[in-house]
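This note sets out points for a first reading of the model shown below. Please keep the structure in view while working through them.

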Amino acid sequence: MKPLSLSIVVLGLSLLSPTGAPAEIASRRLPRSAPETQGVSSAALREFVEALDRLDAMHSFMLVRHGHVIAEGWWDPYAAGDNHELYSLSKSFASTAVGFAVAEGRLSIDDQVLKFFPADAPAEVSTNLKAMRVRDLLTMTTGHQDEPSAAPDKISARAFLAHPVPHKPGTHFKYNTAATFMLGAIVEKLTGQGLVEYLRPRLFEPLGIERPFWATNSQGIALGGYGLRVRTEDIACFGQLYLQRGRWGDRQLLPAAWVDLATSRQVSNGSNPQSDWDQGYGFQFWRCRHEAYRGDGAFGQYCLVLPRQDAVIVITSAVKDMQSVLNLIWDKLLPVFQPKRLKSDRRAHQALVDTLAHLRLPPVPDRRTAPLDAGIVDRKFVFPPNDQKIEAITLRNPPAEVASFGAMLIWQVNGVEYEIPCGRSVWLRSWLPRQAPLGANPSEPVATSAGWTTNDTYTVQLAFYETPHLLTLRLTFEGDRLHLDSEVNVAFGPTKRPPLVGRAEPAP
C-alpha cells in the first residue's frame, strides 16, 4: 500500500485555520486600504461579493483601486498562499515574454515564424505558411481554419508548422492555443531559457511572484497558452503592471508602447455588442466593453483591467458561463466606482471584512445517524475491468486521534492501494500520489470533504485546489454491492463518468 503519511496529514491539519485556509498568508506586495478611501462603498462591495458567492463556484476575488487592494477573499479550501491554474490567462504572460524579447532586440513582431524553426518546416511550405509572422501568432490570425492540437503530448513546432494554413495570415481570427505555444517556443529558442527562467528576473521577481509553475510539453517547452500557476495577488500585480503601462515602482519594466499595442484592438473578432468576446483582440488580451481589457482562462480565471476606473479585478473560479461573471461586474461593480474619496463607513467596512473572511465552498454534510455496519467498513469492493482503471475501493474508520477525519478511502489501481483521508464537515488538505487517477492532473494537492448524504451513500468531494476542478464520488452500498458514480464540476468534455458496480470480496 502507498498511504498518505498520517504524520504529514496531521501536520497539514495543524497548519489550517478554523476556516480551512493556511495560517501562512502570502506576502503582500500591494498596499491595503478601506474601500471608501479609494472611492468605493463597502456596502456595495459586500453586495457584489454576496452575488459572487451565490454562483457557488468562486475560488478567489481581489479588487485593486488606485493601486490599493480594497477587497480580497478566498473560498475555503482555496487560500491566499496557493497557486492557481490560469488556463488561457497564461497567454497574457506569454505575450509579455515576447514584449520583453522585442524590447531587447531579440526579434521583431514582423519576423516570419519559419525563420525560427527551419529544421521543423514541412517538406512543402505553402505560401500562407511562409507569410505567417510573429504578429499573427500574437493576434490569433495565423490563417488556420481549425485549431491545431495543443495537448502536451502532441504540440510541438513541427506539428504546428505541418498544420494546414488555408487563409492568408492576418485576415482570419481563430482562437489558437497552439499559436501561443509557438510564441513561447520562439522566446525559448532565442534565449536558451524556459519561459519561467526568462521571465523570472524581468517580471516575476520584480512583482514578487515567488513560485510560478508552467507545465511543459513532451520536449520540456512551456505550454505557453496554458499551464501557468501563480497566486491571486500575483495576477493582481500583473494587471496593475499593465494598468501602469509597464511601470512598477520606480522602474519601467515593460515598454509603455508594448503595453499599448498588446491591450488595444488589433483585430476584429465579432460584432455582438453584448458579448465581451466580440470586442476585438490584442496581443493575447481580449478587449471588453466599457473600454476595459482582460486576460482570461477557462472556467473563470480573470485579470480584468479598467483604465477609466483605475482598477484591476481578479477572480479565480470554476464557472461554466464566463460571460455571466463579467455581466455581474458590469451591472453591480462598475457603477460603484466614484471619482472621489467617500465618507468613512466603519460598520459597512467591518461587515465586508467579515463576509470576505468567512467565504467557503460548503463541505459535504454528514447526515447518517446509524453506526456503520460490518457490511461496509473494511470490506474491499472489487470492480470488473473498466476504462477508469479502478480495481477496488475500501472504506476504513479514521484514526481516533484526528476528530475531523470522516473515513479513509482506499483506492486500488493497477494493484496498488492509495489512502485518501476524508474530512468530516471540513475540508481536509492532503496530497495525492502521481499514480492516483482522480483528477485531470493526478499529482495535485487536494482538499477532501465527505459525509453520509443518505444512510447508504457516502459522498466524497476532492477539490484539486490549485485548479478549478472538483471531483465528486458517490459510493452507494447495497448489500454486497457498491455503486460508484463520479463527476467533475467543469471539464472540456463530459463531466460525468460511466457508473461502476463492484462486489464485496467474501469475508475471510
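1. A pair in a small sheet. Phe213 stands opposite Arg229 in strand S5. The strands S4 and S5 pair in the antiparallel sense over two bridges, where two strands are said to pair if DSSP finds at least two bridges between them. Helices (H or I, at least four residues) and strands (E, at least two) are DSSP runs, numbered from the N terminus.

2. Basis of the note. This is a predicted model, in which local features need pLDDT of at least 70 and side-chain atom pairs count only at pLDDT 80 or more, while totals for chains, interfaces and linings use all residues. Residues are numbered from 1 along each chain as its sequence is written, and side-chain values use heavy atoms, with hydrogens and water left out.

3. The sheet around S5. The open sheet has three strands in the order S3-S5-S4, with antiparallel pairing. Strand S3 (84-85) and strand S4 (213-214) stand at the edges with a single partner strand each, so one side of each is left without a neighbour in the sheet. As background, strands of a sheet pair through backbone hydrogen bonds, either parallel or antiparallel.

4. A buried salt bridge. Arg229 also takes part in a salt bridge with Glu444, at 2.5 Å from N to O. A salt bridge here is a side-chain nitrogen of Lys or Arg within 4 Å of a carboxyl oxygen of Asp or Glu. This pair links distant parts of the chain, 215 residues apart: Arg229 belongs to strand S5 (residues 228-230), and Glu444 to the loop between strand S16 (428-431) and strand S17 (445-454). Is each partner buried or exposed? Arg229 counts as buried because its relative accessibility is 7%, and Glu444 counts as buried because its value is 2%. The cut-offs are under 20% relative accessible area for buried, over 50% for exposed, and partly exposed in between (1.4 Å probe, protein chains only).

5. Two further salt bridges. Arg308 and Glu291 meet through their side chains at 3.6 Å, N to O. Arg308 lies in the loop between strand S10 (301-306) and strand S11 (311-317), and Glu291 in the loop between strand S8 (286-287) and strand S9 (293-297), so the pair ties together parts that are 17 residues apart in sequence. Arg308 is exposed, at 59% relative accessibility, whereas Glu291 is partly exposed, at 48%. Asp366 forms a salt bridge with Arg424, and their closest N and O atoms are 3.0 Å apart. Asp366 is in the loop between helix H12 (346-357) and strand S12 (380-382), and Arg424 is in strand S15 (residues 416-424), 58 residues away along the chain. Asp366 is partly exposed at 27%, and Arg424 is partly exposed at 44%. Elsewhere, Arg29, Glu210, Arg231 and Asp234 are joined into one network by salt bridges that share partners. A search of the whole structure finds 25 salt bridges.

6. Strand S20 and its partners. Which residues of strand S20 (residues 481-488) point to the buried face? Leu482, Leu484, Ser486 and Val488 do so, while Arg481, His483, Asp485 and Glu487 point to the other face and are not buried. In a regular strand the side chains alternate between the two faces of the sheet. Strand S19 (residues 470-478) pairs with S20 in the antiparallel sense over eight bridges, and Leu473 stands opposite Ser486. S19 and S20 form a hairpin with two residues between them, and Gly479 in the turn has a positive phi of about 65°. S20 also pairs with strand S21 (residues 500-504), antiparallel over four bridges, with Arg481 opposite Arg503.

7. The chain as a whole. The chain contains twelve helices and 21 strands. Its radius of gyration is 25 Å, close to the 23 Å that the globule rule gives for 508 residues, so the chain is as compact as a globular protein of that length. This radius is taken over C-alpha atoms, and the globule rule is 2.2 Å times the number of residues to the power 0.38. The C-alpha trace spans about 75 × 70 × 40 Å along its principal axes. Of the 508 residues, 56% count as buried.
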